[in-house]
Amino acid sequence: GHLIKRKYDNMKTAILFTANDAQLAAAHLMLQTLRDVSRGAYEQEVWVLSTSLSKSGLTYLENLGIRSFVSDMEWAETSMDWQSLFPDLSPQKALKEFHTYRNKRMSKIVYLEWFEKCGADYDAVAISDNDLYFQNDITPLFALAENGCVNYAKEDYPIYPGTNLWNKDFQYRRHTGDWDYDGGLHEVNIGFIIAQPSVMRRLFQEIK
């Protein structure tokens, strides 16, 4: 057991989650349980990926020993026809609505920019939601990255026809066509995924 623990200790790992100022308060409980030796027991680096953080937000993270990487995702504004998504709004209001959408649905793609500057420093990374509650030592999970895959869990609730999950997937497939992945009755839970940094990069390149 001690040898296995030492193997995990020798891995350099990081947990990354997305947040702007508004999400930092919600993330506080997660961070408490993540660092708690009787719960998440995670001692290595934690990063916040963000599209915008105020000076007070950055100070708050620094005081907790959390690193931050901020990108305004300028490429999204220059390469996407965001105004056509909101045809009834003025350009100024449409851009504001697009920023709201970007922050909620696209901000994890900031990982690609983080990887270019920091990814080579780590053996394994986890991309996490910012509202989790850790109950057990998560350190051993990082060894899963050695399989060269993106590791995830399935959603507990099944996707029965007519449920919200089923309707959501149906709408997505109308736009994307059939997917190579077939998880059966349970969709992928993307709230906590682990991989080697370069493997995670390939996933987010495809998403982008």
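**A walk through the predicted model**

A41 is buried, with a relative accessible area of 15%, where buried means under 20% relative accessible area, exposed over 50% and partly exposed in between, with a 1.4 Å probe and protein chains only. The residue sits in the loop between α2 (21-35) and β2 (45-50), and although A41 is not a glycine, its phi is positive, at about 50°. The structure is a predicted model, in which local features need pLDDT of at least 70 and side-chain atom pairs count only at pLDDT 80 or more, while totals for chains, interfaces and linings use all residues. Residues are numbered from 1 along each chain as its sequence is written, and side-chain values use heavy atoms, with hydrogens and water left out.

A second residue can be described along similar lines. M73 lies in the loop between β3 (67-70) and α4 (74-79), and its phi, near 50°, is a positive value in a residue other than glycine. With a relative accessibility of 0%, M73 counts as buried.

These loops belong to a protein with 8 helices and 6 strands, where helices (H or I, at least four residues) and strands (E, at least two) are DSSP runs numbered from the N terminus. Following the sequence, the elements come in the order α-β-α-β-α-β-α-α-α-β-β-α-β-α. The radius of gyration of the protein is 18 Å, close to the 17 Å that the globule rule gives for 208 residues, so the protein is as compact as a globular protein of that length; this radius is taken over C-alpha atoms, and the rule is 2.2 Å times the number of residues to the power 0.38. The C-alpha trace spans about 60 × 45 × 30 Å along its principal axes, and 36% of the 208 residues count as buried. Among contacts between residues at least 6 apart in sequence, 72% join residues at least 24 apart, a contact meaning heavy atoms within 4.5 Å.

The aromatic rings offer a way into the interior. There are 9 aromatic pairs, counted by a rule in which rings of Phe, Tyr and Trp (its six-membered ring) pair if their centres lie within 6.5 Å, with planes under 30 degrees apart counted as stacked, over 60 as edge-to-face and the rest as tilted. One of them joins Y111 and F204 in a tilted arrangement, 5.6 Å centre to centre and with 35° between the planes. This pair links distant parts of the chain, since Y111 belongs to helix α6 (residues 110-118) and F204 to helix α8 (residues 197-207), 93 residues apart. Y111 is buried, with a relative accessible area of 0%, and F204, at 4% relative accessibility, also counts as buried. Another pair, formed by W114 and Y122, is stacked, with 5.6 Å from centre to centre and 25° between the planes, and both W114 and Y122 are buried. Ring pairs link W47, Y111, W114, F115, Y122 and F204 into a cluster.

A charged residue completes the tour. E187 is placed in the loop between α7 (164-176) and β6 (188-195), and at 14% relative accessibility E187 counts as buried. Leaving aside its neighbours within four places in sequence, E187 is in contact with K154, E155, I159, L165, K168 and D169.
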